[in-house]
Amino acid sequence: MKNSKGVKIGIILGIFFSIFLYANRGEEVYNKVCSQCHQLDIPRDKLMKNFFEMNNTLLNLKAPTISQISYSMKQKIGDPREDIDIQRMEVSAFIADYIIYPDKQKSVLSPKISKFFKTMPSLKGKLSTEDIEAISNFVYDYDQKDKGSKSVEYVSFERALKQAKKENKIMIIQATAPHCRYCAKMEKEVLKDKKIVDLLKKEFVVVSVDLSKEVLPMDLRVRMTPTFFFIFVNDKNEKVKIKRIPGAWSKEDFLDILKESIIAKNAK
Ligand code: HEC
């Protein structure tokens, strides 16, 4: 018994340290190589002013920021709402290719921004395979790290279903509409609150359905927007509705609704 526990702890520590070293290696490669030209992150309003009002004379950037690159790649490569592991691989492949064979034709950045830069020089022969893998993950994760827990991550219904089952999380399906004032209010005031975003990340997967473009899954119906459905997938693979919450709520009340739904799930 004791021994197997020891082995288990050893394995867990091993995984922990390899992730840790791996993450550090990405940062090291950034500092040693990429930072000569790419800054990590610059506040959005400053960037906008620099590019769109001052022709890059405010910041005199040599290259787009890592945060800009990370964000654009996730928007343009693969489907960010489908499988995140596949997208990570596709994005890594893009970076691995770009740093050896840079070519603006392949660029994922808006031409309005990339026009300020010369094509990146090739780094062929300067990085090992491990370096390339580490820096690719570093760049992929940068935008996520940066956005961190500031906003809710929405996923497709299919992915939410898989994830809810695998990770034993509650699926929230949020029905919204473009000119819905209370949806915007929820989005701005409640779904950006750190406590709520953190809890959502930990215990829930969230699907947002714009009723002007899509229909709700599972034959769900609403009379008003926003409406939030709380659903979980049980051992028999049945989708169990926990509750349906119409309307906009205060942070405090929404937090209570989330906590109550966790209790309700655990009781079923
Ligand atoms: C000597 C300067 C320089 C260095 C060093 C450099 N880059 Fe770049 N990079 C640029 C410039 C300039 C651009 C924008 C023009 C372009 O897309 O080629 C760019 C663009 C990119 C793009 C493509 C974004 C797009 O347009 O889609 C990626 C990805 C990238 N760099 C990653 C890296 C990584 C990772 C490193 C470090 C391993 C690195 N760069 C090192 C100058 C540099």
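**Exercise 1. Determine which polar contacts the ligand makes with H38, S107 and M120**.

*Solution.* A nitrogen atom of the ligand lies 2.8 Å from an N or O atom in the side chain of H38. This is a predicted model, in which local features need pLDDT of at least 70, side-chain atom pairs count only at pLDDT 80 or more, and totals for chains, interfaces and linings use all residues. Residues are numbered from 1 along each chain as its sequence is written, and side-chain values use heavy atoms, with hydrogens and water left out.

Next, an oxygen atom of the ligand is 2.6 Å from an N or O atom in the S107 side chain. Finally, a polar backbone atom of M120 is 2.9 Å from an oxygen atom of the ligand.

**Exercise 2. Describe the residues of the shell around the ligand**.

*Solution.* The shell divides into 17 nonpolar, three polar and three charged residues. Helix α4 (residues 84–100) gives the most to this shell, with three residues.

**Exercise 3. Explain how Y30 and F138 are paired**.

*Solution.* The structure holds seven aromatic pairs (ring centres within 6.5 Å). In one of them, the ring centres of Y30 and F138 are 5.7 Å apart and the planes stand at 25°, so the pair is stacked (planes under 30 degrees apart; over 60 is edge-to-face and the rest tilted). Y30 lies in helix α1 (residues 2–32) and F138 in helix α6 (residues 129–147), so the pair ties together parts 108 residues apart in sequence.

Both residues are buried (under 20% relative accessible area): Y30 has 6% and F138 has 7%. Ring pairs also link Y30, F138 and Y142 into a cluster.

Conventions. A polar contact is a pair of N or O atoms within 3.5 Å; within protein, one must be able to donate a hydrogen and the other to accept it, and residues adjacent in sequence count only if both atoms are side-chain atoms. Helices (H or I, at least four residues) and strands (E, at least two) are DSSP runs, numbered from the N terminus. Ala, Val, Leu, Ile, Met, Phe, Trp, Tyr, Cys and Pro count as nonpolar, Asp, Glu, Lys and Arg as charged, and the others, Gly among them, as polar. Rings of Phe, Tyr and Trp (its six-membered ring) pair if their centres lie within 6.5 Å; planes under 30 degrees apart count as stacked, over 60 as edge-to-face and the rest as tilted. Buried means under 20% relative accessible area, exposed over 50%, partly exposed in between (1.4 Å probe, protein chains only).
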